[in-house]
Amino acid sequence: MVLSIGSNLGDRLAHLQSVVDALGAAVSAVSPVYETEAWGGVEQGRFLNATLIAETPALDCHGWLDTAQQLERAADRVRERRWGPRTLDVDLITCHDGDREVRMDDERLILPHPYAHQRAFVLVPWLAIDPGAVLTVAGTPRPVAGLLAGLDPAERAGVHRTDLTLRIDPRRGA
């Protein structure tokens, strides 16, 4: 599972860390923390973003969605406006069943994430922890590095690595 996490309200770093802490031993990799402009055209403050790779046989894709939404609720996420400010956003980018990428489009979940290939704030942190990452776009597996290279240079330039870090503590959570 590849998860993109972001926050632009409150203690942004603490909100991101809460995800890593809750998932505990399920987290196998966590990217550096990046600061980015908000995406989606809503005027708001800058985000902190990171990407996680996590695995646990206890969760299928819908289980991961439920977990993501529980984590958002625990951070007092309020859904008032699409792409509006939020304490915590946890997006499922890809889900795998063994080596197979799961493709899904139902009333609750679309996988792979339908906008991930357009978002430098997802692709840059993902490449930092998985340089060989591949994402299916329009039914075709594509290298994430190529997707990032194809984005508008201004989109790529808006993703700034910070000195902030997220700590993995495998003794906690999941």
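Contact here means heavy atoms within 4.5 Å. Keep that in mind for the tour. What you have open is a predicted model, where local features need pLDDT of at least 70, side-chain atom pairs count only at pLDDT 80 or more, and totals for chains, interfaces and linings use all residues. Residues are numbered from 1 along each chain as its sequence is written, and side-chain values use heavy atoms, with hydrogens and water left out.

**Stop 1: helix α2**

Select residues 61-74, which make up helix α2. Helices (H or I, at least four residues) and strands (E, at least two) are DSSP runs, numbered from the N terminus. The expected span of a helix is 1.5 Å times one less than its number of residues, so the 14 residues of α2 should span 20 Å, and its end C-alpha atoms are indeed 20 Å apart.

Now colour C61, G63, W64, L65, T67, A68, L71 and E72: these residues of α2 are buried. (Buried means under 20% relative accessible area, exposed over 50%, and partly exposed in between, with a 1.4 Å probe and protein chains only.) What covers the buried residues of α2? Show β1 (2-7), α1 (12-23), β4, β5 (89-94), β8 and β9, which are among the elements that do so.

**Stop 2: a salt bridge from α2**

Stay on the helix and pick D66, then add R108. Their side chains meet in a salt bridge, 2.3 Å from N to O. The pair links distant parts of the chain, since D66 sits in α2 and R108 in the loop between β8 (104-105) and β9 (110-111), 42 residues apart. A salt bridge is a side-chain nitrogen of Lys or Arg within 4 Å of a carboxyl oxygen of Asp or Glu. D66 is partly exposed at 32% relative accessibility, and R108 is partly exposed too, at 38%.

**Stop 3: more charged pairs**

How many salt bridges does the structure hold? There are seven. Select R12, E35, E37 and R46, and you have a network of them. Within that group, R46 pairs with E37, the closest N and O atoms being 2.1 Å apart. R46 is partly exposed at 25% relative accessible area, and E37 is partly exposed at 46%.

Next, try R86 and D89, whose side chains meet in a salt bridge at 3.5 Å, N to O. Are these two buried or exposed? Both R86 and D89 are buried.

**Stop 4: S4 in strand β1**

D89 also leads you to S4, as the two are in contact. S4 lies in strand β1 and is buried, with a relative accessible area of 3%. Leaving aside neighbours within four places in sequence, the contacts of S4 also include A50, T51, V90, D91, I93, F121 and V122.

**Stop 5: two backbone oddities**

Most residues other than glycine have a negative phi, and most peptide bonds are trans. Zoom in on L111 and P112: the peptide bond from L111 to P112 is cis, with omega near -10 degrees. P112 is in the loop between β9 and α3 (120-129).

Then go to A138, where phi is near 50 degrees, a positive value in a residue other than glycine. You'll find A138 in the loop between β10 (134-137) and β11 (140-143), and at 82% relative accessibility A138 counts as exposed.
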